[in-house]
Amino acid sequence: MSIIHKTIDLGDGRTITIETGKLAKQADGSVTVRMGNTVLLATVCAAKEAVPGTDFMPLQVDYKEKFSAFGRFPGGFTRREGKASDYEILTSRLVDRVLRPLFPDNYHAEVFVSVILFSADGEDIPDALAGLAASSALAVSDIPFNGPISEVRVARVDGKFIINPTYNQLEKADIDIMVGATIDNIMMVEGEMSEVQESEMLEAVKFAHEAIKAHCRVQMELTEACGKTVKREYIHEENDEDLRRDVHEKCYAKAYAVAVSGTDKQARAEAFEAIVTEYKTTFTGEELETKEPMIHRYYHDVEKEAMRRAILDEGKRLDGRKTTDIRPIWIETDYLPGPHGAAVFTRGETQSLTTVTLGTKSDEKIIDDVLVHGKERFLLHYNFPPFSTGEAKPQRGVGRREVGHGNLAHRALKRMMPDNYPYVVRVISDILESNGSSSMATVCAGTLALMDAGVQIKKPVSGIAMGLISENRGTNYAILSDILGDEDHLGDMDFKVTGTKDGITATQMDIKVDGLSYEILEKALAQAKEGRLHILHKITEALPAPRPELKPHAPRIETITIGKEFIGAIIGPGGKIVQGIQEKTGATISIEEIDGAGIVEVAATNKDAINAAMRAIRMIVAVPEVGGIYEGKISSIMPYGAFVEFMPGKDGLLHISEIDWKRLETVEEAGLQEGDLITVKLVDVDSKTGKFKLSRKELLPKPESYQDERPRRPQQHHSGGNGAGRRH
């Protein structure tokens with residue numbers, strides 16, 4: 001067994017170790033990556049041949065975390081890892097987006113990359129190592145791949161950049177981005193920021209790239225040590241160069257005419273399709289059996305070239321805009337009567353209908369991942385139904401795309417939520433039309449819906465998607481503002497930027513070509529700023545500020561802080577007290593202990609219900625005062641007196657001698673029964689037991705003939721049932 005180790009020095013006392021040759025040796029490539037006590041196993045397997053007819057890269061990346069990695073049991077009945085969490089899906093996407101463009105264009109064999117977290121220490125964040133692990137597995141395999149790559153997280157804490165920060169460091173960061181790159185080029189950027197400037201973001205990317213270069217050099221050494229410099233041979237495409245030239249000669253001019261016509265999406269798609277349909281009529285049915293897949297592949301290249309040449313040579317985009325133009329925008333707020341906030345944001349042929357729901361603590365999302373567990377109070381869900389692009393198929397659940405786009409919009413908005421906001425907030429974006437950057441439409445519609453709901457966000461946020469058409473390694477290029485779907489598909493970059501008037505809040509960038517210079521990236525950021533400020537102006541024109549009040553049917557929430565010793569008194573045995581208050585008032589009550597105090601949250605859709613519930617709670621937490629007069633209910637009758645609940649959860653003994661000025665043989669002589677309401681005075685609290693002594697007779701006129709007599713029996717202090725007589 002030949003085991004090879006390579007070490008990466010992070011320069012701050014930490015190291016990353018890559019090992020191959022020990023585990024999972026039947027995979028085409030297998031490595032373990034270790035930093036501290038965090039250990040990942042990455043494997044890669046590729047089919048020997050491509051599935052006939054495949055004309056794309058069938059890559060699948062799966063990142064999985066074992067609960068045993070952190071000494072935990074999974075939740076649920078089976079106590080076994082289930083479907084991928086959002087965090088695992090997002091990590092898989094981060095790796096996929098960097099690897100996918102670097103496989104050869106004509107390589108179509110199925111490739112499966114698996115990255116598994118087997119050990120964690122709760123300090124180092126494993127997703128920052130997943131890209132390095134996946135690329136290292138490819139590096140020790142014979143699978144064709146134009147890497148290596150690596151990914152790092154860079155955070156800025158107290159003005160200082162840190163590579164692969166710990167969880168504690170990340171909590172204090174004002175920049176948190178993941179960067180993926182080869183030794184020469186940036187391939188992917190994604191992250192969130194606290195309104196930073198474009199120059200600061202660019203500085204973070206450059207800092208990350210320097211670290212990635214070291215990772216790539218170590219992987220190159222690993223490939224040499226394993227003897228995997230020569231990759232497997234493959235033939236996954238059948239080509240006919242004469243046919244390729246014929247398609248170009250007979251279709252290019254027609255495709256170019258469509259590309260510069262400035263028509264809308266549907267008309268343009270039909271026009272492009274008509275060209276290839278007409279071309280195919282020149283062949284017999286027998287000829288098309290073998291040639292049709294190649295015709296469509298070559299015609300796709302013709303469309304791509306026509307679109308790119310129209311932009312680079314004439315500055316004309318598919319819909320007729322200039323490179324810096326933003327499509328027309330229309331906005332309508334308060335669009336739906338039922339949700340607590342709603343807005344429609346339409347930009348060109350992309351439309352989001354977004355709603356906001358305000359909830360209480362009971363609506364919090366519970367997060368129970370391997371290393372991250374807690375509660376989330378701001379939720380954003382993105383839905384992309386097939387009808388939004390005119391597809392005739394059903395919507396089957398939420399895919400990785402929906403999770404990724406929703407996460408980007410969530411990161412764009414979350415830092416603008418008001419501090420210590422009492423509501424749980426759910427934003428739902430339903431994409432009704434799509435032709436370019438529905439995630440950025442979600443950010444804009446989300447801002448409007450939050451303001452429509454009366455959520456006092458710190459500042460409005462807008463977002464824009466930028467594109468790039470380049471040739472000759474970036475010496476000739478055009479940066480496109482507010483890209484269309486086809487410009488994303490046929491272009492070289494998809495760069496999304498969100499922010500307020502004062503700075504960037506989130507970004508996501510995918511590069512599909514080599515040679516993107518920092519000069520181009522800087523210009524793209526500057527052009528993006530102009531575009532998002534234009535969109536932000538449209539947003540504030542439609543709704544200048546958050547509405548001052550919540551909608552009438554939105555829940556109102558009030559909170560009260562109590563001593564933690566009163567929490568049990570409010571809840572009551574088996575939840576009896578709090579449930580009774582909720583049933584009586586119609587309010588929803590939640591209680592939790594934070595920093596040694598009880599936080600009680602009362603929510604209802606009307607003020608009267610909240611006031612009634614708050615009165616009941618204040619009665620429970622109020623401290624009874626000797627001499628105070630209270631109206632209570634007789635909870636039980638004993639031979640020696642009656643127990644009276646004179647405050648919620650507080651019972652005291654009304655001794656038989658304290659019922660009336662006259663001597664009573666039985667309690668019933670005074671006409672008292674269980675359930676009766678009675679006014680009593682608190683006359684004493686036993687200093688040792690905390691038991692309450694009540695009197696009724698002191699509230700009655702004292703007869704002139706009354707003579708003080710010793711009671712016939714000594715007073716006894718019994719606790720009674722239901723905790724009676726105890727001080728809470």
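Tyr256 lies in helix α5. The model is predicted, and every value below is computed from it. At 17% relative accessibility, Tyr256 falls under the 20% limit and therefore counts as buried. Beyond its neighbours within four places in sequence, Tyr256 is in contact with Ala306, Arg309, Ala310 and Glu314. The C-alpha atom of Tyr256 is separated by 39 Å from that of Thr540, a residue 284 places away along the chain.

Helix α5 spans residues 241-259 and carries a kink of about 45°. The kink is centred on Cys251. Cys251 is also among the buried residues of α5. The others are Leu243, Asp246, Val247, Tyr252, Ala255, Tyr256, Val258 and Ala259. An α-helix has 3.6 residues a turn, so residues three or four places apart point the same way. The buried residues of α5 pack against two helices, α6 (265-280) and α7 (285-314). A polar contact is found at the start of α5. There, a side-chain oxygen of Asp240 reaches to within 3.1 Å of the backbone nitrogen of Asp242.

Aromatic pairing was examined next. The count comes to 12 aromatic pairs. One of them is formed by Phe103 and Phe145. Their ring centres are 5.1 Å apart, with 55° between the planes, and the pair is classed as tilted. This pair links distant parts of the chain, its members being 42 residues apart. Phe103 belongs to the loop between α1 (86-99) and β6 (111-119). Phe145 belongs to the loop between α2 (127-139) and β7 (150-157). Phe103 has a relative accessibility of 3% and so counts as buried. Phe145 counts as buried as well, at 13%. Both residues belong to one aromatic cluster, together with Tyr107 and Tyr234.

Charged groups also sit over aromatic rings. The charged end of Lys206 sits over the ring of Tyr518, at 5.3 Å from the ring centre. For Arg401, the ring is that of Phe384, and the distance from the charged end to the ring centre is 4.0 Å.

Cysteines were then searched for disulfides across the whole structure, and zero were found. Cys226 is in no disulfide; its nearest cysteine sulfur belongs to Cys45 and is 16 Å away. The cut-off for a disulfide is a sulfur pair within 2.5 Å. Cys226 is partly exposed, with a relative accessible area of 24%. Cys444, at 0% relative accessibility, counts as buried.

Backbone geometry gave three further entries. Most residues other than glycine have a negative phi, and most peptide bonds are trans. A cis peptide bond joins Gly147 and Pro148, with omega at about 5°. Pro148 lies in the loop between α2 and β7. Ala24 has a positive phi, near 50°, and is not a glycine. Its place is the loop between β2 (15-20) and β3 (29-35). With a relative accessible area of 35%, Ala24 is partly exposed. Asp158 likewise is not a glycine, and its phi is positive at about 55°. Asp158 is found in the loop between β7 and β8 (160-163). The relative accessible area of Asp158 is 74%, so this residue is exposed.

Conventions: Residues are numbered from 1 along each chain as its sequence is written. This is a predicted model: local features need pLDDT of at least 70, side-chain atom pairs count only at pLDDT 80 or more; totals for chains, interfaces and linings use all residues. Side-chain values use heavy atoms; hydrogens and water are left out. The bend at a residue is the angle between axes fitted to the seven residues ending there and the seven starting there. Helices (H or I, at least four residues) and strands (E, at least two) are DSSP runs, numbered from the N terminus. Buried means under 20% relative accessible area, exposed over 50%, partly exposed in between (1.4 Å probe, protein chains only). Contact means heavy atoms within 4.5 Å. A polar contact is a pair of N or O atoms within 3.5 Å; within protein, one must be able to donate a hydrogen and the other to accept it, and residues adjacent in sequence count only if both atoms are side-chain atoms. Rings of Phe, Tyr and Trp (its six-membered ring) pair if their centres lie within 6.5 Å; planes under 30 degrees apart count as stacked, over 60 as edge-to-face and the rest as tilted. A charge sits over a ring if NZ of Lys or CZ of Arg is within 6 Å of the ring centre and within 35 degrees of the ring normal.
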